Every structure is written in C-alpha cells, then in structure tokens.
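I opened the notebook to record a few lookups. The entries follow the order in which I made them.

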Amino acid sequence: MAVLPADWPGGFWVHWGVFVVIIFVFVLAMVMGFIWFERRALGIMQARLGPNRAGPFGLLQPVADVIKLLTKEDIVPAKGDKWVHWLAPVVAVAPMLMIFAVVPFQGGASMADLNIGILYIVAVSSISVLGVFMAGWASNNKYSLLGAMRMVASVVSYEIPVVLSIIGVVLLAGSLSMQQIVMAQDIPFILLQPLGFLLFFIGACAEINRAPFDLLEADSEIVAGFNTEYSGMKWGLLFLAEYGEALAISAIVTTLFLSGWRGPVLPPWLWFLIKVGAVFFVIVWIRATVPRVRIDQLMALAWKFLFPLALLNLLITAVEILVFPAVSLWVLVPINIAIMIVLVILWSRLFKLGWGRVEV
Amino acid sequence: MVIKTEPFVVNFGPAHPSTHGVFRMRMTLDGEVIVDMEPVFGYLHRGIEKLAEERTYTGCIPLTDRLDYTASMTNNFAYVLAVERLAGITVPERAEYIRVIMAELQRIASHLIAVGTFLNDCGAFMTPVLYMLREREKILDLFDMVSGQRLTYNYMRVGGVSQDIPEEFIPALKKFVKEMPGWIDEYDRLLKENEILLARTKGVGILPKELAINISASGPVLRASGVKRDIRRADPYSIYDRFEFDIPTGTAGDCYDRYRVRIEEMRQSVRILKQAMEQLPKGKVRSDVPHLTHPPVGEAYGHIEAPRGELGFYLVSDNSIAPYRFHVRAPTLINLTALRDMMVGWKVADAIIIFGSIDICVAEVDR
C-alpha cells in the first residue's frame, strides 16, 4: 500500500470507497441532468418546448429513458462479433469514469491528486476510442465501420493540438497536478491563455464528437454511425460514455482554464458545478447553431489550423515566461488577447477549407 | 508495404434518414469517396396514372394531392389547368386570383421544407428546419381555413375552386405577408454567411448549364445553374402576366446557389401575394360546369411552375367521364436524372447534401 497522505480521512480504502461512490453518483446524476438540460436548452433554442411531461419541467425524462432502455431487447447482429460487441460499451465507459479520479471537485477533494494528473487524463481518455472502434467493427455494418473509421481519424489528429494547448497551461502553472493547476490560477488561465483555450475547446469538441464535429454519428449521413446496431442498455452505455466525456471535458476546461472550484462568496463545489454547467451550455449552444464539417475539412482544420497555432501558442507562452518572470501576470492578459485575435485572423486568411472533389 | 484496398457498395436507403422518403442509392465507395452511384426508384409506386383512368375528372383531384404531398395546391392547380384546356372551360376572375394566392403560399411552404431539410442534411441539428416549420405552420393554418385540410387540400375544381375564402382569411393573409420578409431575413442571419455552410456547399455538386438544359431540368435546380426560365414568365398561365416579380438565378449551379435561389423565390412569392391580395376582385369562384365533365375527344397539356419545377399533366380524352390517358411530368424525377453526374467524385457527406439540394418528393418521383 502506498504511503498515506495525512489529509486522507479514514485511511486509503475508506477514501477510495467513498470517492468511487461519489464519482459514480456524480457522473450518473450529472449525465442525466445534462441530457435533460441539453434537450430543454435545444428545445428553447429551436422554437419548441423540449421534454416537459415526465415530472416537473420534464426532469424525470432521463429516468424514464433509462427504464425504457433497461427493458429493451438486446440485439446482436447475426454476423457480428458477439464478444467484441459486448465488450465495446464497457471499454468506452470505463476510461470515461477513470478520468474523474483526478478531477478536483474542490480543494483537496479528488480521488487521487496524482502529480501527473493532466497527463493521466490525456492517456486515459484516448482509450475510449478503442471502445468506439470495437463497436463499429463488431457490428458488421458498413455505416458503423465508416463512423468508427472517422472517429479514429479525428481523435488521432485532434489529440495533438489538444495536448499542445494543455502544455501552455502546464508551463504557467508549473505542475501537472490538477489541484496545483487550480491553485496557480489567481488569474483564470482563460485570460492568460485565450488562444490555448480556443484551441483546446475546438479540439476537445472534436475529440468527444460534439457538433460541428459529430461526424461519427452524423445521423443525416451514416444513420447513427458506430452505434447503429446497438440497442437496449448497451446503447445506453455508449450514450453514457458520450455524455460522460462531454461532462469530463467540461470539468477539464473548468479546471485548466476557469480556475476550477475557486470563486467568491459561493461554496467551492457550487462554483465547480456552475462552471461545468456553463461550459456544457456552450457546447449545446454550438450544437444548436452550426452545420457539420466534412471529414477532409475536419482533418484540414486539425493539421493546418489548430496544430500550427498550438505550436505558436506554446512558443509565445514559453517566451513570455522566460522574458517576464517578475512582471505581474495582469500585464500579459491584454497582450495575449491581442496576439490571439491577430493570429486567428491572419491564419484564417491563409487557410481555406478545401473543396475536396476527387477525380475518379 | 501497400495495403490493398477495394471499393465497397453501400445502400443508402430505401429507409434512411436523409433520403426524404423511400429512395435508394447504391453507392460504390472508395473509403469516403463515391466512385459510382446508381439510383433505384419505385419503392413508393402506387400506380396513380393508371388509377386516374378509372376516375371522373373531378375524382382525379384527390389523386393529384397525393403526388407531391408537400405541394398539394400546385398539383391541383396544374391538373385543373389541363382539364380546363381540354374542355375549354373559362375560370372566373376571383377564382384565378385565389388560385394564384394558394399557389404562391404553397411555393413558400414547400421551399421552407426544402431549405430546412437541406440545412438539416448539412448537419445543422434540427434548428433551421424547426424555425422554418414554424412559419409553414402558419401557411397550413391559412390552407386549413379555406379547405379544411392541412396536407391534402383537394381545393381546386375544374372551372374554379371548391368554395370561396372565409372572412378571416384575408386579415390572416395580410398579417402573414407583412411578417414573412422579416422571417426570411432571420433565416439569412442564422446561416447565410456561416463559414462551415459555405465550405460545405460552395462549389459542391455543380450542375453545369449545358447539362441542366440537356436533361430538361426545371425549377430552382435549373435556375441555380444560371438559366432564367420560369413557366410563369415563359408560358404565362392563369393571370401571372399581371404581376411584377423577378426570377432569381444562380451562377455556379452548386448546392449553395440552389439554396439561395429558393430563399429568393420565397421573397418573390411574398411580392406576388401582396399584389394579388390588393387586386382581389369580388364575384363567383366557380363557373357553371356540369358535375361530370365530358371533354371533347382530344388531348391537352397543362403545366405550371410548381415549387420543384415544371409540373405538367398530359390528358387524353375519349369523350367519356374519365381521362383516357393521364400522364404526369414530374419535375423531381427529371431533375434526379443528373444525380450521378453531380455526385461522383464527392464524399459521402456531400452526396447527402447534393441529394437534399435537388429537393425531391419520392411520392412524386415514383407516383
């Protein structure tokens, strides 16, 4: 057994048990809340009501959905790979839950304050792709396979700008630990790292396949992508993984850029929830607004736009830290915002989303 | 090492979220790129042309409702026009105006669906289509007032329309005409200049001018390719020569132009509605025609500018109470013939929006 930190109440196993329960309850409750929230918010944005029958304001709608999913028949395609088909939702959900092990809900309140917290998140979150690809492969369905291949391509590409923009934050905080990163944010890093935030947010949206990068389950093109052949609770698990990842990304953005649980007056955990909800609202808002990009445009965006800008952002951040170690960080806020605006405008002049016709 | 790849065949449809009905495309894909595409028709074939030969001339009107069910009024219009030409029946002035008002309202309603679902195919998750259904709802309310129906109106009759418009119709129409331009501006503010939409639709699925003429395309698909042809101007029927309106055309013939042409046509329809509403005379709405029409032996072709293109009805009479031959020139079927040329070489995602930009209604394609 590892050495116990002094502030872990009740010893290693009690702490472990308590936090596993907290994380499960938190993730499940928040995902159900988010599903309700997304449907209501989308409804209002789309000039309709959204679910409002089950319970007050339709709050029990997710519960009703889960009951329906649990009682549905589980169908496995006749020529599908039965075991992989069964395993895929598990592989998709487990890493999503593991991410929350290092998410700081408030000061000192995380399951494990790993000193490589953010690195752990990057490593673990990539495993979900495997689950999605397994789902697409095992379904023995061409739509599913197309969706799964799109997923792998996009995640492999977007991992790079995402990690590069995280490094900017790590440079400023001087630590990989999620707790330390929050503690370092006397100024929220969204102000110090506006470009990094933009790149991270776009990249993260692509990684969790939210609009406008929801190509892998583009319902107007490939029906439902990788989960076309799933039904019942297996589909429910894939859905849980997807929304859990959206929740995880919201929590990570909150921690890295919005100074985590810190805020005046209100209790820390409430600040954390408010910020997570706000980030998720932006994700929903984008979904209600923009059309979907095409696969080659998705790739072009990652490699021609996000990747070079992430490198530049890293360079600028490093130079700033080297040159102005003593200057108050507030000075850098307007400078960095100006740099972001100039860079984004210049780069979008140089760069055009391609037309993409292939001669055959 | 070179990995050996081979193209594979994917069936899009007949039951697919984006085929707008039961249409099937057999696509040969090389990765995401379309190497070949073969449309398969006929899943919604109901034999309407044959069924019509067993019915009286008036009895055929409900059948025409069921051709292009998103534009029933214009189907009625084209059919009764053909019968009137066949039998030499004149239509009272007031009925002509009511017909034009209905046809233009129908054009707006149909284009709202076309543009909305097209943007939905582009991946704008449900928002545009729901905004546009909101306005379509108001048009359906207007139709409900005059015909009592919301989808299959069965409103026009040989020699006029089935009944006069109720009192509350004109105030409601005035309100609609006043508000509609603002709503069209709202749609434009939402997505007209959106970078992703431009990247997805500009230059995609080009239908060259020559090809469009060669396949005898019509409607917004033809006009987006830069051909200024509109039956309302080219062969004025009813009273369209009394109204002022422009014919919006595109230049490139791509998906974006087809989308823009439809939006602009909505504005022009509002213009026509405004004029027709002001000039609406009083009088009869139906001339005295016998219940069972016996047109003299002969043939007639009535065509109008329906929302989706040139809709024509070709009728042959043998002096009985039923048409001897009843043929529909369905604009969407003919527009679809260019589908393969427009699609090959593009990606799967483009195929969906190219198909959506043609705006078909399978009930009319298969009949």
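The entries below go from the chain contact to the core, two helix pairs and three single residues. I kept in mind throughout that this is a predicted model.

**Entry 1: the contact between chains**

I began with where chain A meets chain B. Chain A puts 30 residues into the contact, and chain B puts in 34 residues. I then asked which elements of chain A give two or more residues to that side. They are α10 (219-222), α12 (268-289) and α13 (295-323) of chain A. I also sorted the chain A side by class: 15 nonpolar, five polar and ten charged residues.

**Entry 2: the core**

Next I looked up the largest nonpolar core, which has 202 residues. Its members with the most contacts inside it come from both chains: A135(A), L247(A) and V253(A), then A78(B), V83(B), A351(B) and I354(B). Which helix gives the largest share of this core? I found helix α11 of chain A, residues 232-257, with 16 residues.

I followed up on L247(A). Beyond its neighbours within four places in sequence, L247(A) is in contact with V27(A), M30(A), V31(A) and F34(A).

**Entry 3: a helix pair in chain B**

I described each pair by the angle between the helix axes and the distance between the axes. For helix α4 (residues 93-121) and helix α5 (residues 127-147) of chain B, I read an angle of about 165° and axes 9 Å apart. Angles over 145 degrees count as roughly antiparallel, so α4(B) and α5(B) are roughly antiparallel to each other. Their crossing is left-handed.

I listed who meets whom. On the α4(B) side I noted residues including L105(B), I108(B), L112(B) and L119(B); on the α5(B) side, P128(B), M132(B), I139(B) and L142(B) are among them. The contact of α4(B) with α5(B) divides into 13 nonpolar, three polar and two charged residues.

**Entry 4: a helix pair in chain A**

I repeated the lookup for helix α6 (residues 142-173) and helix α9 (residues 194-207) of chain A. The axes come within 8 Å and cross at roughly 150°. That makes α6(A) roughly antiparallel to α9(A). The crossing of α6(A) past α9(A) is left-handed.

Residues of α6(A) in this contact include Y158(A), P161(A), I166(A) and G168(A), while those of α9(A) include L199(A), F200(A), G203(A) and E207(A). By class, the contact of α6(A) with α9(A) has ten nonpolar, five polar and one charged.

**Entry 5: two serines with positive phi**

Most residues other than glycine have a negative phi. I therefore noted S216(B), a non-glycine with a positive phi of about 55°. S216(B) sits in the loop between α8 (209-214) and α9 (220-224) of chain B. Is S216(B) buried, exposed or partly exposed? I counted 14 other C-beta atoms within 10 Å, so S216(B) is partly exposed.

S238(B) also has a positive phi, near 50°. Its loop runs between α10 (231-234) and α11 (255-279) of chain B. S238(B) counts as partly exposed, with 17 C-beta neighbours inside 10 Å.

**Entry 6: Y153(B)**

I closed with Y153(B), in the loop between α5 and β4 (156-157) of chain B. Y153(B) is buried because 24 other C-beta atoms lie within 10 Å, and 20 or more are needed. What does Y153(B) touch, not counting residues up to four places away in sequence? I found D65(B), S72(B), M73(B), N76(B), F143(B) and S147(B).

I also checked one distance. Y153(B) and V316(B) are 163 residues apart along the chain, and their C-alpha atoms are separated by 25 Å.

Definitions and conventions:
Residues numbered from 1 in each chain as written. Chains lettered and ligands numbered in written order. Predicted model: local features only at pLDDT ≥ 70, side-chain atom pairs only at ≥ 80, totals over all residues. Contact = placed C-beta atoms within 7 Å. Helix = DSSP H or I, 4+ residues; strand = E, 2+ residues; numbered from the N terminus. Nonpolar A, V, L, I, M, F, W, Y, C, P; charged D, E, K, R; others polar. Core = buried A, V, L, I, M, F, W, Y, C linked by C-beta atoms within 7 Å. Buried ≥ 20, exposed ≤ 12 C-beta atoms within 10 Å, placed from the backbone. Axes fitted to C-alpha atoms, helices over the stretch in contact; angles between N-to-C directions. Parallel < 35°, antiparallel > 145°, perpendicular 65-115°, else oblique. Left-handed = near helix turned anticlockwise from the far one by under 90°.
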